[in-house]
Amino acid sequence: MLSSIPMAEEADTVSSLLDEGKEGKPLVVILVGAPGSGKTTFCNDVIRAARRTWTRICQDTIANGKAGTKAQCLQSAANALQEGKNVLIDRCNLELEQRSEFVKLGGARADVHAVVLDLPARVCISRSVQRTGHEGNLQGGKAAAVVNRMLQKKVLPNLNEGFSRITFCQNDDDVKTAVNTYSFLGLFDSLPPGIIGQKSGDAKVQQGIMKFFKKVDTDGNCSQNSAPKHENNENNPRPMGIEKGSEVGKDEQKNDMLLNPSVSDFQWNDAPTLAFPSISTSDFQFNMDKASDVIVEAVADFFSKVDKVKLILVDLSSKSKMLSLVKVKASEKNVDTTRFSTYAGDITRLYTGGGLHCNVIANASNWRLKPGGGGVNAAIFSAGGEALEIATKEQADTISPGSSIIVPVPRTSPLNQREGVTYVIHVLGPNMNPQRPNCLKDDYVKGCKVLYEAYSSLFNNFASIALSQNYQKEYSGDSKSEPTKSVCKSFEAVVECQRSSSEQKSKREVSYGSDCNKKSKYNGDSGGLPGMLEKEEQKSERSDHSAKSSWGSWAHALHQIAMHPEKHNLDVVEISDDFVVLNDLYPKAKKHILVTSRLPGLDCLADIRREHLPMLQKMHAAGLKWAEQFSSHDPSLVFRLGYHSVPSMRQLHLHVISQDFDSTHLRKKKHWNSFNTPFFRDSIDVQEEIKMNGLATIKDEKLLSSELRCHHCKSAHPNLPRLKSHIATCKAPFPSHLQNGQLIFALSGSSDAVSAI
Ligand code: AMP
């Protein structure tokens, strides 16, 4: 039976907890906590007073006093256990995958415990910022942002991961008690299994840096009826870029009062929140009364489909007519005011000006997606700096009325650094201004329809961002989390809708319309989820192929499928213990499947080591089998099997792709070049390299911008349409460098039927 013993009780009874008489196994104690939570101090305190022999394993010093790798930590821990020592793993281990391999050290040879230093974010940040001489040099100004980022990803451990005992420490007393418990342990003592010191379900959600700046009442709850306040004292450092005495403090009071009292039920919590301006009512001169109807309709419809996300309509002036109209209409329509609010203030300074944490903001953009024009567009581009302009250009050159485009905001953008905005969604509404392009000349039937589509597209794109974030949470093991489940449930419909509409994407692009049927008074046949497909395709085809120090929220889908293939019946065509085979959602050829490894922590080619060779061979064999099946069905198909040097999606996956490249999803130069330059690493070559050198060669991403050349005759072409029409008729053989087993042709005489795909 698992015990659940409150921390206070434990303080009095450390010795009575020991299962006397039984011989204790060596222990692996995995510390879990943000930088600054006191992990190293904990280890040192235990070691100093210990009755057992302990080894502290710290990645910052594992390589002869220098930073090393996780593999080195695992090896040292295994060695220490073999020598009969107990092990303290002094790493942050905030995510399930970071700890999973350490948990595997347990079993017959050791018990594995977790000690979670779940101290308030403000404490961790304050300590990290102020400390000096830190082993990993995580200190000073940069520490605040790093700690915050790490805490956003935190998933508290649970017993299912393989721990026999988990101790939660939420304050210094808890930590002291835990230190005593472990240092008191004699050679033959063991501790009872179970969860110790987890005070409540709520305690699982630690306040991040943003909440740290909100007004916190004596119970640690955020005030709900006013804008959060910044705390500003020595123990509570401001995040990077915010100096003492800045206008933050001055604005606080003002914004507290500006928050709309009629929607003061709005609840601040960790739910994803989108801040958006009114679209089309300024420069595009759309009638405000009609626009406010559309906003309220779109918000209400969105809330009926999607849970647990929040929306804030922002306008600069507290006297805004739009805010007043929307307030009244939202209340008449019983829109959930715990999830929807209005806010008067600068949308580019929501955090520094008002303490609001909205990591997604919308921009009422122009069709060229360029700065200028005054108003919110100018303000957002100006606040986002050049980095936002470049990031926008990477996504699209133009935007059509009624649609929206997601732009991940680079870390270098002040909007990200200063305000914590990680996505801007550009949205274009209808225009009633004769001085501007596409004027609808007061056609409000069409105008309202397009405006509704613009808001729908915006909200759905926002939902897809929130979706990826919540899927991550779900996979991370916090499966008991109701909010996560409930968000996902609502999104299933969204994703389903997106999928079913994919075939009609081009139609939507030209007609403003969306393909999913949903009633709307502005749009009898649409108003569905246009943004979802755009977003999905954008994000997974964004393929920035940049070095992956961290993965964007869109990049986890394959990982999730590999870990939980049973939840993705429609996509998956084969499951084994080692890999999952699935259809590529955006196939770049007639046949394009992905053989995805199921090994946690193996994200990409660069992670592959010699010990992975057997798995690579199995993945290759599976890919080969499918390729042969496909070409037995259609002998014209020739396949190549390989890896992208730097993938866009996390979780090692082998592309099995037919060489026709006949697909509407192949739209960009980088798509072509990712499969037709040395950036594509043939599976057989990778296996050979791993065998010889233990590492795979990663080719430069610059290859993705190489000129477009036919993969048969090597002729150059000015653009993809021209190349595509060339390859449809090119009769040249494949080049000789692909004649060494890289290509898979139909087996003569084979007649196996291809099933399922
Ligand atoms: P890479 O650049 O090697 O990471 O390729 C990622 C592949 O995953 C691309 O071919 C995408 O089209 C594909 N893809 C993206 N999202 C999904 C998904 N949810 N399910 C299946 N395939 C996907």
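**Helix packing, sheet order and the ligand shell in a predicted model**

Q: What makes helix α10 a helix that lies across strands in this predicted model?

A: Helix α10 (residues 288–305) lies across β8, β9 (310–315) and β10, and runs at about 165 degrees to β9. Angles are taken between N-to-C directions on a scale from 0 to 180 degrees.

Q: Which strands does helix α11 lie across, and at what angle to β10?

A: Helix α11 (residues 321–332) lies across β9 and β10, and its angle to β10 is about 160 degrees.

Q: How do you know which residues Leu 325 is in contact with?

A: Contact requires heavy atoms within 4.5 Å. With its neighbours within four places in sequence left aside, Leu 325 is in contact with Met 288, Asp 289 and Ser 292. Leu 325 itself belongs to helix α11. Its C-alpha is 9.5 Å from that of Ala 291, although the two residues are 34 apart in sequence.

Q: Why are β10 and β12 called edge strands?

A: The open sheet has six strands in the order β10-β9-β8-β11-β13-β12, with mixed pairing. β10 (340–344) and β12 (403–408) are its edge strands, as each pairs on one side only. From one strand to the next, the twist averages 25 degrees.

Q: What makes β8 and β11 a pair?

A: Two strands pair if at least two bridges are found between them. Strand β8 (residues 273–277) and strand β11 (residues 360–364) have two bridges, in the parallel sense, and therefore meet that criterion. Ala 275 stands opposite Ile 361 in β11.

Q: Why does the pair formed by His 644 and the ligand count as a polar contact?

A: A polar side-chain atom of His 644 lies 2.6 Å from an oxygen atom of the ligand. The cut-off for N or O atoms is 3.5 Å, so this pair qualifies. Lys 588 also qualifies, because an N or O atom in its side chain is 3.2 Å from a ligand oxygen. At Leu 585 a polar backbone atom is 3.1 Å from a nitrogen atom of the ligand.

Q: How much of the ligand does the protein bury?

A: The ligand taken alone exposes 510 Å², and the protein buries 94% of that.

Q: Which elements give two or more residues to the shell around the ligand?

A: These elements are α19 (557–563), β15 (579–583), β16 (592–597) and β18 (653–658).

Q: How many residues surround the ligand, and of what classes are they?

A: The ligand is surrounded by 18 residues, and the closest are Asp 584, His 644, Met 649, His 653 and His 655. By class, the shell has eight nonpolar, eight polar and two charged residues.

How values were computed: Residues numbered from 1 in each chain as written. Predicted model: local features only at pLDDT ≥ 70, side-chain atom pairs only at ≥ 80, totals over all residues. Heavy atoms only, no water. Near = heavy atom within 4 Å. Polar contact = N/O pair within 3.5 Å; in protein donor to acceptor, adjacent residues only side chain to side chain. Areas by Shrake-Rupley, 256 points an atom, 1.4 Å probe, with all protein chains shown as cover. Helix = DSSP H or I, 4+ residues; strand = E, 2+ residues; numbered from the N terminus. Nonpolar A, V, L, I, M, F, W, Y, C, P; charged D, E, K, R; others polar.
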